[in-house]
Amino acid sequence: MKAALSRLRAELALAAVAFIWGSTFVIVKEALLDVSTFLFLALRFTLASLLLAFWLRRRLAQRAPVDWRGGTLCGVLLFVGYALQTAGLRWTTASNSAFITGLYVVMVPLLGSLVYRNGPRPAELGGAALAVCGTGLMSGGLPSAWNRGDILTAACAAAFAGHILAVERYSRRMDFERLSLMQIAAVAALSWAAAAAEAPRIVWSGRLWFALLATSVLATAVSFVLYTWAQGQTTAARAALIFALEPVFAGLVAWAAAGERWTAASLAG
């Protein structure tokens, strides 16, 4: 009973994270008009790292086991996912990107069965298939002809699937606060390196400041602590299914804040 209650709390936390991430989509899209992509990611994750280090300073001062390999792996996979998704958007449409990225819902149980050598449960596979169908209806479906942007986005989905599995594994080997900070700091460092190679640009506007504050505090520092803690209480496959709610929340926020219309297909999705 206690274990079931802990898993329920964890999965509600993951749903809250999906809501936060879905809610910030419109904010980030507007902010990218004033800043280059990797510079935005570098600023976002650097601010989040500093905030999280200050917030957890007393906990971090305590001696505890640290798995540097695990923290580095989580950070690299997270950065690769963001980088490939952003690069893919140069050559594919936003709807194709949304659908192909959502394929990680199916990739997680399949990849997990290869890593842990245990087959996914039928209910998990059924739920993943339904989630992909729903995402396809919301985004317009599978691209009829794949281009390099679609291929990069598929690689991004694989990176996010690997990240979910890595967090599930290492959140049970070290305290989730340290793991959260390590992966956020790794993304910040890699984003600065990528920003130096992309001819960075920035215009300090009000919407950019708002986006940086919203994403660094809520969508990164708070969300990744919740996410990393919750992954230690449930399975990677269930977490992936819950994260399929992200495009639903994104659509609701886009409808409420930006006036985007829902179609019969997106509602069915």
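This is a short guided tour of the structure, stop by stop, with a suggestion of what to select each time. Keep in mind that you are looking at a predicted model.

**Stop 1: the whole chain**

Begin with the chain in cartoon view and colour it by secondary structure. You should find 14 helices and zero strands. Going along the sequence, the pattern is therefore α-α-α-α-α-α-α-α-α-α-α-α-α-α. The chain has 269 residues, and 49% of them count as buried.

Now turn on the surface. The chain exposes about 13400 Å², with carbon and sulfur atoms supplying 68% of that area. How far apart in sequence are the residues that contacts join? Among contacts between residues at least 6 apart in sequence, 91% join residues at least 24 apart.

**Stop 2: helix H1 and its leucines**

Select residues 2-23, which make up helix H1 and include leucine 12. Is leucine 12 buried or exposed? Its relative accessibility is 56%, so leucine 12 counts as exposed; the cut-off for that word is over 50%.

Add Leu5 and Leu8 to your selection. Together with Leu12 they make a nonpolar surface patch of about 290 Å². Some helix geometry is useful here: with 3.6 residues a turn, residues three or four places apart in an α-helix point the same way.

**Stop 3: from H1 across to H12**

Stay with H1 and show the side chain of glutamate 11. This residue is buried, at 13% relative accessible area. Which residue pairs with glutamate 11 in a salt bridge? The partner is arginine 238, and the closest N and O atoms are 2.6 Å apart. Glutamate 11 belongs to helix H1 and arginine 238 to helix H12, so this pair links distant parts of the chain, 227 residues apart. Arginine 238 itself is partly exposed, with a relative accessible area of 29%.

Next, display Arg7 as well: Arg7, Glu11 and Arg238 are linked in a network of salt bridges. As a general point, side chains of opposite charge can pair when their charged atoms come close.

**Stop 4: helix H12**

Select residues 236-243, the whole of helix H12. Six of these eight residues are buried, so the helix is largely enclosed by the rest of the structure. To see the buried ones, pick Ala236, Ala237, Ala239, Ala240, Ile242 and Phe243.

What caps the N-terminal end of H12? Threonine 235 does, with a side-chain oxygen 3.2 Å from the backbone nitrogen of arginine 238.

**Stop 5: the nonpolar core**

Keep Phe243 in view and add Phe45 and Tyr104. These are the residues with the most contacts inside the largest nonpolar core, which has 65 residues. Apart from it lies another core, this one of five residues, including Phe99, Leu103, Val132 and Ala154.

Centre the view on tyrosine 104. Leaving out residues up to four places away in sequence, tyrosine 104 touches Ala157, Phe160, Ala161, Ile164, Ala240, Phe243 and Ala244. In soluble globular proteins, nonpolar side chains tend to be buried together.

**Stop 6: helix H2**

Select residues 25-31 for helix H2, where you will find phenylalanine 25. Phenylalanine 25 is partly exposed, at 48% relative accessible area. Draw a distance line from its C-alpha atom to that of valine 253: the separation is 8.6 Å, although the two residues are 228 apart along the chain.

In the same selection, show glutamate 30. Its side chain forms a salt bridge with arginine 207, the closest N and O atoms being 3.5 Å apart. Because glutamate 30 is in helix H2 and arginine 207 in helix H11 (residues 206-231), the pair ties together parts that are 177 residues apart in sequence. Glutamate 30 is partly exposed at 37% relative accessible area, and arginine 207 is also partly exposed, at 38%.

**Stop 7: the start of helix H10**

For the last stop, select residues 176-196, helix H10, and look at glutamate 177. Is glutamate 177 buried or exposed? With a relative accessible area of 5%, glutamate 177 is buried. Not counting residues up to four places away in sequence, glutamate 177 touches Leu56 and Arg59.

Then show arginine 178, which is buried at 10% relative accessible area. Its side chain meets that of aspartate 175 in a salt bridge, 3.1 Å from N to O. In the whole model, the count comes to five salt bridges.

Note on methods
Residues are numbered from 1 along each chain as its sequence is written. This is a predicted model: local features need pLDDT of at least 70, side-chain atom pairs count only at pLDDT 80 or more; totals for chains, interfaces and linings use all residues. Side-chain values use heavy atoms; hydrogens and water are left out. Patches are made of residues with over 30% relative accessible area and no salt bridge: like charges are joined within 9 Å, nonpolar side chains (Val, Leu, Ile, Met, Phe, Trp, Tyr) within 5 Å. Accessible areas come from the Shrake-Rupley method with a 1.4 Å probe; for residues, only the protein chains shown count as cover. A salt bridge is a side-chain nitrogen of Lys or Arg within 4 Å of a carboxyl oxygen of Asp or Glu. Helices (H or I, at least four residues) and strands (E, at least two) are DSSP runs, numbered from the N terminus. Buried means under 20% relative accessible area, exposed over 50%, partly exposed in between (1.4 Å probe, protein chains only). A polar contact is a pair of N or O atoms within 3.5 Å; within protein, one must be able to donate a hydrogen and the other to accept it, and residues adjacent in sequence count only if both atoms are side-chain atoms. A nonpolar core is a set of buried Ala, Val, Leu, Ile, Met, Phe, Trp, Tyr and Cys residues joined through side-chain atoms within 4.5 Å. Contact means heavy atoms within 4.5 Å.
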